[in-house]
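This report introduces one structure to a reader who has not met it before. It looks at how its helices and strands are put together.

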Amino acid sequence: MFQVRIHGRGGQGVVTAAEMLSIAAFEEGRHAQAFPSFGSERTGAPVVAFCRIADQEIRLREPIMEPDALIIQDPTLLFQVDVFSGLKKGGYILINTSRSFTELGLADFVRDWPAERLLTVPATDLSRKHVGRPMPNVPLLAGFAAASGIIRLESVIKAINTKFSEKIASNNIAAASEAYQFVLDEVAGASHQEAAHA
């Protein structure tokens, strides 16, 4: 079973992101479960949502305490909430930012991490560019697909088409496709750097 925890703020589509991730997994014939953890639901308040993906029925119902992957929709949460709590060593970290992990002040935390699992994508910028609104959730899902290989971009696109009307869907697909390529390039660059240092 692969477990994903998504951190963001109210109004950023965190819950929708988890739902769409589960739809993408269903598209591939997997079992999936998505659910939010609400404190206060006001806009801007920290929100967490969870998604489990497995090849057999999922019987767990509790929040994800030891995720295999973190998707962080708002980098301002990094030092306000313990977003890394329980993250499995060497797990995937995808942050919505154009800054590096070092620039974010995370160099010490991720020192022994595999470089190809530490990823960033300027999801808010891509969303503004293609959708006209700062909604980082869809580009981050596509970035997660590129980073992890757990789901395919085609499945993310099917989930987008399921969730949104035609015009909004096509704009989101454009943002998702660019984010997917961005992260693929980042993973390739990280692997190349590791090979050079080996």
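Contact, in what follows, means heavy atoms within 4.5 Å. The structure is a predicted model, and the account below begins with a pair of helices before turning to the sheet.

Under that meaning of contact, Thr-16, Ala-17, Met-20 and Leu-21 in helix α1 meet Asn-137, Val-138, Leu-141 and Phe-144 in helix α3. The residues of this contact divide into six nonpolar and two polar, with no charged residue among them. Helix α1 covers residues 14–27 and helix α3 covers residues 137–148, and the two pack at an angle of about 40° with their axes 9 Å apart. Because of that angle, α1 is oblique to α3, and the crossing in which α1 passes α3 is right-handed.

The strands form an open sheet of six, in the order β2-β3-β1-β4-β5-β6, and the pairing within it is mixed. Its edge strands are β2 (31–37) and β6 (118–121), each of which pairs on one side only. On average, and with direction ignored, neighbouring strands of this sheet are turned by 15° against each other. Helix α3 packs on the sheet as well, where it touches β1, β4, β5 (92–96) and β6, and the direction of α3 makes about 150° with that of β5.

Strand β1 deserves a separate description. In general, strands of a sheet pair through backbone hydrogen bonds, either parallel or antiparallel. The table sets out the two pairings of β1, with one bridge partner for each.

| Partner of β1 | Sense | Bridges | One bridge pair |
|---|---|---|---|
| β3 (residues 46–54) | antiparallel | eight bridges | Arg-9 with Pro-46 |
| β4 (residues 69–72) | parallel | four bridges | His-7 with Ile-72 |

Also between β1 and β4, Val-4 stands opposite Ala-69 in β4.

Is strand β1 buried or exposed? Eight of the eight residues of β1 (residues 2–9) are buried, and therefore the strand is largely enclosed by the rest of the structure. In a regular strand the side chains alternate between the two faces of the sheet. Both faces of β1 are covered, since Phe-2, Val-4, Ile-6 and Gly-8 are buried on one side, while Gln-3, Arg-5, His-7 and Arg-9 are buried on the other. Two of the residues named in the table, Arg-9 and His-7, thus belong to this buried set, and Val-4, which stands opposite Ala-69, is buried on the other side of the strand from them.

Conventions. Residues numbered from 1 in each chain as written. Predicted model: local features only at pLDDT ≥ 70, side-chain atom pairs only at ≥ 80, totals over all residues. Heavy atoms only, no water. Axes fitted to C-alpha atoms, helices over the stretch in contact; angles between N-to-C directions. Parallel < 35°, antiparallel > 145°, perpendicular 65-115°, else oblique. Left-handed = near helix turned anticlockwise from the far one by under 90°. Nonpolar A, V, L, I, M, F, W, Y, C, P; charged D, E, K, R; others polar. Buried < 20%, exposed > 50% of the residue type's maximum accessible area, 1.4 Å probe, protein only. Pairing = 2+ DSSP bridges.
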